[in-house]
Amino acid sequence: MKPTGGKLLVFQSVLPSVGTGSLSARETEGRSNISSGDKEAHKLLQPVDKTLKTMALEFAEYQVCVDVFLTTQSYTDVASISVVPSTTGGRVYYYFPFSALSDPAKLFNDLRWNITRPQGLEAVMRVRCSQGLQVQDYSGNFCKRVPTDIDLPAIDSDKTIMVSFKHDDKFQENSECGFQCALLYTTVYGQRRIRVINISLPCTSMLSNLFRCADLEAQFTYVVKQAANGIPSSSLSQVRDQVTSTCINILQSYRQYCASVSSSGQLILPEALKLLPLYTLALTKSIGLRNDGRLDDRSYWVSIVSSVSVSLAVPLVFPRMIALHDLTSRDDEDPLIPNPLTLNSENIQDNGIYLLENGEDGFIHVRNAVNPATLEQIFGFSSLAGAPNLLVLEQFDNVLSRKVNEVVNEIRRQRCSYLRLRLCQKGDPSGDFFRSLLVEDKAPGGLSYVEFLVHVHRQIQSKMT
């Protein structure tokens with residue numbers, strides 16, 4: 001019998017090496033290629049063949065959405081496996097290395113949210129726009145059979161479809177252009193519905209108005225998705241260069257057309273996009289664009305980015321950092337989550353404990369001079385010797401433990417994700433990963449944030465001469 005619609009949850013813990021769609025361990029080959037500077041190493045981030053893609057298209061034809069849960073301790077070829085969820089409107093849930101002690105809670109919560117979140121089935125979506133514009137491309141987890149529509153065997157509250165438009169005609173000043181998104185879907189109760197979203201935006205011939213009203217998060221989400229799309233087909237160095245070039249071109253246009261009277265020796269940033277260079281540098285240092293990452297980690301990052309929402313794109317590459325050690329100084333009337341700290345060593349104290357969260361994972365960095373009593377209050381142990389890398393956060397009978405649990409639980413509620421808590425210690429690889437996220441640390445291309453700003457400025461000057 002052929003399936004006729006619905007969701008299929010697949011649980012996998014080892015590499016499927018036999019039967020239809022069998023895969024081989026390409027990770028060893030990937031390590032040797034990357035270490036030797038092989039220009040074709042990115043091909044290992046592409047599906048090994050078309051078998052799973054053909055299977056995915058058949059699932060999509062019968063409106064079956066596939067979600068894959070990978071509870072693994074080893075390489076599983078996420079690049080090949082993720083083709084099925086990405087084509088059917090699903091996603092990959094990746095637990096590496098899976099811990100039977102710390103991960104069951106996350107697996108349970110991810111599974112529960114997957115089933116109970118707002119969602120629709122058997123969906124078809126079309127975007128229309130005014131004359132002078134045309135839809136150029138769609139990005140996300142879907143199946144596209146005709147140029148004008150995209151098929152979504154399932155669509156849920158966590159998924160985002162990005163639509164890019166092409167401007168192919170002139171607009172009149174003070175006129176408006178309209179956009180419409182129509183989604184036809186079936187509710188989980190079997191009701192067939194259509195949801196229509198309309199928006200009308202003013203047109204302008206003044207580029208300064210465009211920069212003044214620019215949406216940094218939306219623009220940066222587009223840059224992140226474009227980078228993820230390029231990873232399987234280009235070398236990491238090329239993708240990083242393209243990301244940097246996009247940032248430079250935007251700022252160069254602003255300098256040339258909106259701030260030409262300013263001193264040429266000064267880097268001028270538009271107010272709405274003043275954090276664009278910082279986010280761009282953070283993107284070049286992210287898991288997806290790092291040379292030292294595992295193939296599966298990079299492929300998982302690409303699969304997450306393909307449907308990531310605007311609100312989660314920035315923290316995915318530029319995590320929030322929150323100090324946990326001094327939460328007792330805050331009043332109960334204050335917001336549960338303190339204002340995040342900038343990822344700068346000046347904000348890090350030697351006796352501090354810090355949480356970095358990116359929407360997927362929570363990294364807890366413990367400094368060397370932390371008071372053992374503080375460790376005992378939060379984690380239940382007074383020394384990091386023998387502490388597990390994956391933590392299970394318990395609530396103990398003290399104020400600090402209660403406040404730390406409230407912060408973590410509130411973040412999990414906001415992100416709709418049960419963050420895994422990883423311990424990052426100074427002096428080991430996890431601590432090196434934490435340090436690499438700081439703005440003054442050098443990116444894979446060899447630049448700190450200050451050096452990156454100097455590089456951007458010089459490139460803008462060279463383009464204008």
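This dialogue reads the domains, a pocket and a sheet in a predicted model.

Reader: Into which domains is the protein divided?

Author: The division gives domain 1 (6-116), domain 2 (119-203), domain 3 (216-314 + 444-464) and domain 4 (320-437), so domain 3 is written as two segments of the chain.

Reader: How many residues does the contact between domain 3 and domain 4 take from each?

Author: The centres of domain 3 and domain 4, taken over C-alpha atoms, are separated by 28 Å, and their contact takes 7 residues from domain 3 and 5 residues from domain 4. About 560 Å² is buried between these two domains, with carbon and sulfur atoms giving 52% of that area. On the side of domain 3, Lys-285, Arg-290 and Leu-312 supply 63% of the area buried against domain 4, more than any other three residues.

Reader: Which residues are the closest to the centre of the second largest pocket?

Author: That pocket has a volume of about 670 Å³, and of the 27 residues that line it, Val-83, Ser-86, Asn-229, Pro-232 and Val-302 are the closest to its centre. Several elements each supply at least two residues of this lining, among them helix H4 (83-88), helix H7 (216-230) and helix H10 (295-305). By class, the lining has 12 nonpolar, 11 polar and 4 charged residues.

Reader: Which strands are at the edge of the open sheet, where each pairs on one side only?

Author: The sheet has 5 strands in the order E10-E11-E12-E14-E13, with mixed pairing, and its edge strands are E10 (320-323) and E13 (390-391). E13 is joined to strand E14 (residues 420-425) by 2 bridges, and these two strands run antiparallel; the bridge partner of Leu-390 in E14 is Arg-422.

Note on methods:
Residues are numbered from 1 along each chain as its sequence is written. This is a predicted model: local features need pLDDT of at least 70, side-chain atom pairs count only at pLDDT 80 or more; totals for chains, interfaces and linings use all residues. Side-chain values use heavy atoms; hydrogens and water are left out. On a 1 Å grid over the protein atoms alone, a cavity is a set of points where a 1.4 Å probe fits but cannot get out, and a pocket is an open set with protein on both sides within 12 Å along at least five of seven lines; lining residues have an atom within 4 Å of a point. Grid points are joined across faces, edges and corners, and a volume is the space filled by probe spheres set on the points. Helices (H or I, at least four residues) and strands (E, at least two) are DSSP runs, numbered from the N terminus. Ala, Val, Leu, Ile, Met, Phe, Trp, Tyr, Cys and Pro count as nonpolar, Asp, Glu, Lys and Arg as charged, and the others, Gly among them, as polar. Two strands pair if DSSP finds at least two bridges between them. Contact means heavy atoms within 4.5 Å. Buried area is the accessible area (1.4 Å probe) that two parts lose on being put together, summed over both.
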